[in-house]
Amino acid sequence: MPVRTVNKRKLRAQLMLREAVLEGRLIRQPCAICGSTTNVHGHHENYSKPLEVQWLCAHHHAKMHNLRMQKEGRIKRVVWLSV
Ligand SMILES: [Zn+2]
Ligand SMILES: [Zn+2]
């Protein structure tokens, strides 16, 4: 899939998620890994399902993306930040 298409989907998914949270259709949850309630992001596993997200704090969200990039071979090794 061309990168441009992916970015468009991502943008749309993030927008729809933000709207759903603002309208109270979706409740922001604590981080699924550490339970933190500050700086929680909705992480999309699949951008074609904008309202299916995993709630992760900024720290674990970054980790999740490192892991994914490693799987895709974009980076050689995961850099685990200290918790
Ligand atoms: Zn966390
Ligand atoms: Zn994410």
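Strand E1 (residues 40-44) and strand E2 run antiparallel and are joined by five bridges. Within this pairing, histidine 44 is placed opposite valine 53 of E2. Strand E2 spans residues 53-57, and four of its five residues are buried, so the strand is largely enclosed by the rest of the structure.

The structure is a predicted model. Mean pLDDT for the protein is 88, with 87% of residues at 70 or more. Confidence is highest in E2, at a mean of 96, and lowest in helix H1 (residues 3-22), at 90. Where pLDDT is low, the predicted coordinates should not be read in detail.

Helix H2 covers residues 58-71. From first C-alpha to last, its 14 residues reach 20 Å, close to the 20 Å expected at 1.5 Å a residue. Glycine 73, just after H2, adopts a positive phi of about 75°.

A positive phi also occurs at asparagine 39, a residue other than glycine, where the angle is near 60°. Asparagine 39 belongs to the loop between H1 and E1. Asparagine 39 has 11 C-beta neighbours inside 10 Å and therefore counts as exposed; the cut-off for that class is 12 or fewer.

The two backbone angles are set out below.

| Residue | Phi | Location |
|---|---|---|
| Glycine 73 | about 75° | just after H2 |
| Asparagine 39 | near 60° | loop between H1 and E1 |

Methods
Residues numbered from 1 in each chain as written. Chains lettered and ligands numbered in written order. Predicted model: local features only at pLDDT ≥ 70, side-chain atom pairs only at ≥ 80, totals over all residues. Buried ≥ 20, exposed ≤ 12 C-beta atoms within 10 Å, placed from the backbone. Helix = DSSP H or I, 4+ residues; strand = E, 2+ residues; numbered from the N terminus. Pairing = 2+ DSSP bridges. pLDDT = per-residue confidence, 0-100. Expected span 1.5 Å × (residues − 1).
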